[in-house]
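Subject: Structure handover

Dear colleague,

Here is the structure I said I would pass on. Please keep it open while you read the notes below it.

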Amino acid sequence: MSTLDQSFVTNSSWKPDLFKGKVVFVTGGAGTICRVQTEALVLLGANAAILGRNPEKTVKAAKEIEALRPGAKVIGLGNVDVRDVNSLVKAAEATVNELGRIDFVIAGAAGNFLSDFNHLSSNAFKSVISIDLLGSYNTVKATFDQLRKNKGAILFVSATLHYYGVPFQLHVGAAKAGVDALSNALAVELGPLGIRSNCIAPGMIGGTEGFSRLAPPGGVPLENKIPLQRLGSTRDIAEATVYLFSPAASYVSGEIHVVDGAAWHIGGFM
Ligand code: HXC
């Protein structure tokens, strides 16, 4: 089920054809946050390739996103595991074959679960590092030729967990700290090629898979603890994504763009 529709175009400050002619390549694009990021870009004129491990879920999501805008082209590439750079290289080739180019990359595929250090196996730690950090690296590696050719932009999906110590999340915190470092270094290395690299760091975003895993129903309400007094929405992340890919952010690179209602400034939810 999509969470954005045409009203995103009519009730927003963005021009309807802002991303006309652009193609975005999105890992984890059938998941909640990355799906809505993709929807926003497609509604504003882009075409898209979304990638995931589950072929049925990925193809279904692609068809639903494509239906949001007449004339849009959105392809769903399943059986892609970001831990395997070769599967990403093939996906990038398929995207260029079908959509002609890649301008924007969203490295959003992530894995998460709650586990204390004592019960977190070495393999479990490695799994999350491999999906979140190595997978982010592999995504840029596989699309680099297109990014260079088109002076493209990269957006990593990070978190705020690693700004302080969050128990039961040390694996994700360690991975996302690495993602921030990766983005900062790429911004510096690839800047002379005209490629921008930024991170978006969502806080507690309601209605997402991550939120339901980390804050199951029936728990303590979190809204009152957030300075802006509400959970984030997927639209909040979509709006920030549009900004970071838009010409308005053409001088913004190496930025960790936190979208969390100022929660991390008060120590998150600890
Ligand atoms: C402890 C666990 C565990 C759990 C798995 N493991 N779940 N350990 N508690 N709940 C262990 C397994 O026992 C195994 O270790 C190791 O992790 C690998 O598990 P597999 O199932 O073999 O791996 P795999 O199939 O690759 O699955 C990867 C995964 C899984 C990360 C473990 O959860 C996954 O695929 N997740 C993708 C979807 C997802 O997580 N979405 C949420 C994204 S939201 P042993 O030692 O037994 O071999 C998000 C938000 C982050 O990331 C930011 C928050 C603010």
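The notes below cover the sheet, the core and the shell around the ligand.

This is a predicted model, in which local features need pLDDT of at least 70 and side-chain atom pairs count only at pLDDT 80 or more, while totals for chains, interfaces and linings use all residues. Residues are numbered from 1 along each chain as its sequence is written.

Sheet

Helices (H or I, at least four residues) and strands (E, at least two) are DSSP runs, numbered from the N terminus. Seen in order, E3-E2-E1-E4-E5-E6-E7 make an open sheet of 7 strands with parallel pairing; two strands pair if DSSP finds at least two bridges between them. Strand E3 (74-77) and strand E7 (256-259) are the edge strands, each pairing on one side only. From one strand to the next, the twist averages 15 degrees.

At one edge, E2 and E3 pair in the parallel sense over 4 bridges, with Leu51 opposite Leu77 in E3. In E3, Val74 and Gly76 point one way, Ile75 and Leu77 point the other way, and all are buried (20 or more other C-beta atoms within 10 Å of the residue's own, C-beta atoms being placed from the backbone). At the other edge, strand E6 (residues 196-202) pairs with E7 in the parallel sense over 4 bridges, and Ile200 stands opposite His257 in E7.

Core

The largest nonpolar core (buried Ala, Val, Leu, Ile, Met, Phe, Trp, Tyr and Cys residues joined through C-beta atoms within 7 Å) has 74 residues, and Leu41, Ala48 and Ile154 have the most contacts inside it. Helix H2 (residues 32-43) gives the most to this core, with 7 residues. Leaving aside neighbours within four places in sequence, Leu41 is in contact (C-beta atoms, placed from the backbone, within 7 Å) with Phe19, Val24, Ala46, Ala48, Val242 and Phe245.

Ligand

There are 20 residues around the ligand, counted as near if the C-beta atom, placed from the backbone, lies within 6 Å. Gly111, Asn112, Ser121, Ala124 and Gly210 come nearest. Helix H5 (122-150) and helix H7 (209-214) are the elements that give two or more residues to this shell, and H5 gives the most, with 5 residues. The shell divides into 10 nonpolar, 8 polar and 2 charged residues; Ala, Val, Leu, Ile, Met, Phe, Trp, Tyr, Cys and Pro count as nonpolar, Asp, Glu, Lys and Arg as charged, and the others, Gly among them, as polar.

Regards

Notes. Buried ≥ 20, exposed ≤ 12 C-beta atoms within 10 Å, placed from the backbone. Contact = placed C-beta atoms within 7 Å. Axes fitted to C-alpha atoms, helices over the stretch in contact; angles between N-to-C directions.
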